[in-house]
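Here's a quick walk through a structure, for anyone who likes to look at folds and side chains together. Have the viewer open while you read.

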Amino acid sequence: MPREHQILAALTAAVANMMYGFGDDRTPYKESVDLVEDMVINYVVDTWQKTLASAHSRLTKVSEKDVIFLLRKDKKKYERARELLYLEDQIAIAKRVDGDIPDIRNVQKGML
C-alpha cells in the first residue's frame, strides 16, 4: 500500500476512535467518519497555509510562534496549544535530568 494510503487509513481510524471517545457509536457510519475527516483535513490545511503566510510575510521560517499567533483569537485552542508546548518542554527537561521517563501505563498505582 502506498504511503499516502497508509496515512489516510491511519487518519480514518484515528477519527473513528475519536468520534467513539466523544460519544459516537463504536463503529460510526463511514459517511460520518469521512465528513469529520474532511473537516479535519480542511482545518489543518487552512491553518498551515495561514501559518506559512505569516512566516513568509516576516521572511522567516515557520515556528511554533506562528501557530500560537494564529490561534490567539480562539482562547480555547490558544490555551491548549500553550499547554501542549509547556508539557513538551517539561518532558524534554525531565528526559535530560533522568535520561528516561517511565511509561505510566506499565507502572502499578502508587509506584511512582
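What follows goes from the overall fold to one helix, and then to charged side chains.

First off, this is a predicted model. The protein has four helices and zero strands, so the pattern along the sequence reads α-α-α-α by the DSSP runs. Of its 112 residues, 12% are buried. Among contacts between residues at least 6 apart in sequence, 15% join residues at least 24 apart. The accessible surface is about 9800 Å², with 59% of that belonging to carbon and sulfur atoms.

Now to helix α2, which covers residues 30–57. How far apart should its ends be? At 1.5 Å a residue, its 28 residues should span 40 Å, and the end C-alpha atoms are indeed 40 Å apart, which agrees. Its buried residues are Val-33, Glu-37, Thr-47, Thr-51, Ser-54 and Ala-55, and these pack against α1 (3–21) and α3 (64–71). Just past the end of α2, Leu-59 takes a positive phi of about 60°.

Ser-54 is worth a stop. This α2 residue has a relative accessible area of 17%, so it counts as buried, the cut-off being under 20%. Leaving out residues up to four places away in sequence, Ser-54 touches Asp-66 and Phe-69.

Both of those partners turn up again. Asp-66 is buried, with a relative accessible area of 2%, and forms a salt bridge with Arg-58. Arg-58 itself is partly exposed, at 44%. Phe-69, for its part, has Arg-72 lying over its face, 3.9 Å from the ring centre.

The structure holds five salt bridges; here are some of them:

| Pair | Closest N to O distance |
|---|---|
| Asp-46 and Lys-50 | 3.2 Å |
| Arg-58 and Asp-66 | 1.8 Å |
| Arg-80 and Glu-83 | 3.1 Å |

Asp-46 and Lys-50 both sit in α2, four residues apart, or about one turn of the helix. Asp-46 is partly exposed at 34% relative accessible area, and Lys-50 is partly exposed at 43%. Over in α4 (residues 75–98), Arg-80 and Glu-83 are three residues apart, so about one helical turn separates them. Arg-80 is partly exposed, with a relative accessible area of 43%, and Glu-83 is partly exposed too, at 40%.

And the rings? The count of aromatic pairs comes to zero. Tyr-20 does have company, though: the charged end of Arg-26 sits over its ring, 4.6 Å from the centre.

Key:
Residues are numbered from 1 along each chain as its sequence is written. This is a predicted model: local features need pLDDT of at least 70, side-chain atom pairs count only at pLDDT 80 or more; totals for chains, interfaces and linings use all residues. Side-chain values use heavy atoms; hydrogens and water are left out. Helices (H or I, at least four residues) and strands (E, at least two) are DSSP runs, numbered from the N terminus. The expected span of a helix is 1.5 Å times one less than its number of residues. Buried means under 20% relative accessible area, exposed over 50%, partly exposed in between (1.4 Å probe, protein chains only). Contact means heavy atoms within 4.5 Å. Rings of Phe, Tyr and Trp (its six-membered ring) pair if their centres lie within 6.5 Å; planes under 30 degrees apart count as stacked, over 60 as edge-to-face and the rest as tilted. A charge sits over a ring if NZ of Lys or CZ of Arg is within 6 Å of the ring centre and within 35 degrees of the ring normal. Accessible areas come from the Shrake-Rupley method with a 1.4 Å probe; for residues, only the protein chains shown count as cover. A salt bridge is a side-chain nitrogen of Lys or Arg within 4 Å of a carboxyl oxygen of Asp or Glu.
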